Amino acid sequence: MSEILKRMSSAVIQGQRDDTRQMARDAIEGGCSAEEVLYQGLMPGMDHVSGEFKAGRMFVPEVMRSARAMLNAMEVIKPIMVKNGIRMAGKVVLGTVQGDLHDIGKNLVGMMCEGAGFEIHDLGADVAPGQFVEAVKAFQPDIVGMSALLTTTMRAMEGTVQALVEAGVRDRVKVMIGGAPVTQAFADRIGVDGYAPDAAAAADKAKHLIAASR
Amino acid sequence: MRVNRHNYEINATPRLQVLSEDQIEAIYYASLRVLYETGVRVYATEGVDVAHAGGAIVEETTARSSLVKIPPDMVDKARATVPSKVVVIGPDRRYRMELFKNQIYYGGGSDTPFTLDPYTGERRRSTYQDVKNFARIAQALPNYDFHMSLGITQDTAVGTYDRWQYLAMLEGTSKPINITAVDIEGVRDQLEMALIRVGGKDEWRKGPIFSLYIEPVSPLSHSREVVQKLLFCCDNDIPFVYTPCPLAGATAPATLAGLLVQALAESLFGIVLSQLRRPGAQIIIGGLMSNMDMLSTIYCYGSPEMALLSAAYTDITKWLRVPEYETAGCSDAKLFDEQAAMEAAINIATSGLIGGNMIHDVGYLDSGLTSCPDLMVASDEIIDMVKRILQGIEVTPDTMALDVIAEIGPGGHFMEHDHTFERFKTEIWRPKLIQRQNWENWQLAGGQRYGQRVHARVIEILESDTAPLLDEAMFKEMRRICELADARHKDEELDVKMFV
C-alpha cells in the first residue's frame with residue numbers, strides 16, 4: 001500500500017501527468033483511502049517540488065507539470081472526499097481585479113495553491129467587485145485572492161474589499177492580495193488579511209491563514 | 001549618429017563589423033608602405049640576418065640595431081605559408097583551443113605587479129600563491145578556455161620568476177596556458193617543464209600545452225629578446241602570440257586608423273620573420289591596442305577605443321586569415337566596483353560580437369597593474385551572457401511555434417505547454433550569480449549586492465578541495481628546473497624582500 005503512495009509522490013515530482021489518474025484509481029482499489037492518497041502520496045511529492053522550486057533547482061514549467069500530475073489524480077479522489085465529507089486544504093476564489101487584464105501571476109498563484117491542495121475557483125481577469133461578492137456567496141470560499149499588475153488597478157482592490165463589507169460577507173473570508181506593485185504596506189493600509197510577494201509564497205500564506213482561522 | 005546597417009549580416013550568429021573590406025585593404029596597403037618605406041628597427045643580428053636573406057633591405061646599422069625595410073612581395077610570400085589556424089591544447093586534452101576565424105576563447109591576463117588580496121582587499125605585490133589561486137579560479141569556471149599568470153610572482157627570484165609562475169599555474173589549472181618569459185632561457189626552461197607535464201615531445205607535437213606571449217615595442221621596434229623568442233618558437237614548434245601594444249597619442253598616432261596601420265606593420269614583421277625562419281610557424285597576431293588617457297597618462301584598459309580597436313583589428317585579421325589575440329574583461333577601476341563591471345561588460349561583449357579568437361586580460365584592474373579575483377568571477381558570467389547572445393535566434397517553423405500560438409489563443413498562457421517544457425532550458429539563459437528574486441526574497445536571502453555574491457563565490461572556489469593536478473614526482477621534477485634556474489642566476493639576484 002505504501003509502495004503505490006511512494007510511486008505517486010515520485011510521479012508528481014517527475015511531472016508524469018498521464019500516469020497519476022490511473023495510479024490514484026489503483027491506490028483506491030488497492031485499499032488506500034482518498035485521504036491517504038492525498039496526504040501520503042500527492043502532497044509529499046508536491047511539497048518536495050515546492051522546496052526544489054524555492055531552492056532554484058526546479059523551474060516554472062516543471063512545477064506546472066507536477067501540479068498538473070497532482071490535479072489529474074485529484075479528479076479521481078475528490079468525488080470520494082466530497083462524498084465522505086472530508087475537507088480539502090481550503091477553497092480559494094481568485095481573480096485579477098477590475099480594469100486589469102494581466103492574469104499570468106494570478107494563474108501561477110492558482111496553480112501553486114492547487115498544488116498545495118486548495119480548491120480554486122478562478123474568476124479570470126477584469127473581475128468586478130460584484131462578481132467577487134457573488135462568488136463568495138456561491139462557493140463559500142475560505143480565501144478571496146486578488147491580483148493587480150498596475151498601480152491604477154491596485155485601487156480596485158480597496159473597492160472590492162468595500163463591496164465585500166457592504167454585502168456583509170467580509171467576515172466570512174480571508175482576503176489576500178498580490179501583484180508586482182503591491183506591498184505588505186499597501187495590504188495593511190486597505191485592511192486585507194494577507195499579502196505574498198510571489199506565487200509560492202502565496203500558497204504558503206494561504207495555508208497559514210487557514211491554519212490560523214481553524 | 002549614423003548606423004551602418006549593412007554591418008549586420010543575416011546569420012545564425014549575431015555579428016559586429018567595424019571596418020568595411022575597403023577600409024581593411026586601405027589599412028593593409030598603408031602598413032605595407034610603412035614596412036617598405038619607414039622600416040622597422042630590429043635589435044638582434046640574428047633576426048636582421050634572417051630578414052636580409054629573405055630579401056629585406058638593411059640600413060642604418062649601429063652596434064645594437066638595424067633599420068629593416070620589407071618589400072611588399074616578402075609579405076605576400078609570408079602570407080602564403082602562415083597558418084590560418086593555430087591549436088593549443090591543455091595538459092588535460094579536453095581543453096582545446098582551435099584558433100581560427102570567429103572562434104572565441106576567453107582567458108586571464110598576465111604579469112600584474114599587484115593583486116587585490118581576496119581576504120583583506122589590500123593591494124599588494126603578487127605572490128606564487130596568488131598565481132596559483134587565479135589558476136584555480138580559471139580551472140573552476142567554465143568560460144575560461146586558457147589562462148595566463150595573473151600576477152608576477154614576487155616572492156620568488158626576480159630574474160627567474162617566469163618558471164615559478166608557470167609552475168604555480170600548472171598546479172592550479174590543466175587548461176592551455178599563454179606563458180610569458182624573461183628571456184629565451186626562460187622559454188627553454190618552461191618548455192622542459194611542459195614536456196614533463198605533457199609526457200614528452202610527441203605529445204607536445206600532437207598539441208602544444210602553451211603558447212608564448214611576445215611583445216614587440218611600439219613604435220616599430222623589435223628588441224633582441226623578442227626576436228630571439230620568435231625564432232626559438234619557430235624552431236621548436238611553439239605557437240606564439242606576437243602582440244604590439246601601441247598607445248594612441250603616445251606610441252602610435254592619435255588617430256585610430258593610424259594606430260591600426262602601425263600595429264599591423266608591427267605584426268606583419270612578425271609574420272614575415274617567422275615564415276622566413278620556418279614556413280608554417282604558428283603565429284597569433286594581436287591584440288592590445290588602446291589610447292593614452294591624456295590627463296592621467298595611463299594606458300586605458302577600459303576605454304571604448306580599446307574595445308573598438310580590438311574589434312577593428314579582428315576584422316583585419318579575419319581578412320588576413322591569421323589567428324588573432326584580443327583584449328577584454330579588463331578595467332581602469334582600482335577595485336571591483338561599478339566602473340569595473342561596466343567596462344568589462346562592454347569590452348567582453350564587443351570582443352565576443354566581433355568574433356575575436358584568443359581574448360585575454362580578463363581579471364585586470366588598475367590599467368593592467370592589479371589582478372582581481374572578483375573581476376574574474378564576475379566576468380565568467382558576463383562571458384556566459386555574451387555567448388547566449390552569440391547563439392542568436394533559431395528561426396524555423398518549429399521555433400516560430402505557430403501551432404502553439406494557435407492552440408493557446410488570446411488570453412491563455414504558455415507555462416504548462418509541452419513546447420515550453422521542452423525548450424525553456426535550452427532557449428532561455430540562466431544566471432548563476434545574477435540575482436533576479438523579487439525584493440522580498442532578495443532581502444530574505446541577505447539583500448546582497450552583486451559584488452558581495454561574486455566575492456562569496458571567489459572564497460568558495462579558493463576554499464574548495466580539489467584533487468592535485470600534478471603528482472609529487474612530476475611536481476618535484478619541475479620544481480627542480482626552477483631551482484636550477486635560480487642557482488644559475490644567483491649572482492644577479494636582487495633582494496627578493498624589497499619586492500614583496
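**Exercise 1. Work out what share of chain A is buried in this predicted model.**

Solution. Start with the cut-off: a residue is buried when its relative accessible area is under 20%. Then count along chain A, which has 214 residues; buried ones make up 52% of them. Now look at the outside: the accessible surface of chain A is about 9,500 Å², and carbon and sulfur atoms own 51% of that.

**Exercise 2. Check the radius of gyration of chain A against a compact globule.**

Solution. For 214 residues, a compact globule would come out near 17 Å. Chain A has 18 Å, so the two agree. For the overall dimensions, take the C-alpha trace along its principal axes: about 50 × 40 × 30 Å. Next, turn to contacts with a separation of 6 or more: in chain A, 73% of these link residues 24 or more positions apart.

**Exercise 3. List the helices and strands of chain A in order.**

Solution. First the tally: nine helices and five strands. Then walk from the N terminus: α-α-α-α-β-α-β-α-β-α-β-α-β-α.

**Exercise 4. Find out why B:Cys233 has no disulfide bond to B:Cys234.**

Solution. Step one, the rule: two cysteine sulfur atoms must lie within 2.5 Å. Step two, the distance: the closest cysteine sulfur to that of B:Cys233 belongs to B:Cys234 and sits 6.9 Å away, which is too far for a bond. B:Cys234 is therefore in no disulfide either, its nearest cysteine sulfur being that of B:Cys233. Step three, the surroundings: B:Cys233 counts as buried because its relative accessibility is 1%, and B:Cys234, at 1%, counts as buried too. Over all chains, the disulfide count is zero.

Technical notes:
Residues numbered from 1 in each chain as written. Chains lettered and ligands numbered in written order. Predicted model: local features only at pLDDT ≥ 70, side-chain atom pairs only at ≥ 80, totals over all residues. Heavy atoms only, no water. Helix = DSSP H or I, 4+ residues; strand = E, 2+ residues; numbered from the N terminus. Rg over C-alpha atoms; globule rule 2.2 N^0.38 Å. Buried < 20%, exposed > 50% of the residue type's maximum accessible area, 1.4 Å probe, protein only. Contact = heavy atoms within 4.5 Å. Areas by Shrake-Rupley, 256 points an atom, 1.4 Å probe, with all protein chains shown as cover.
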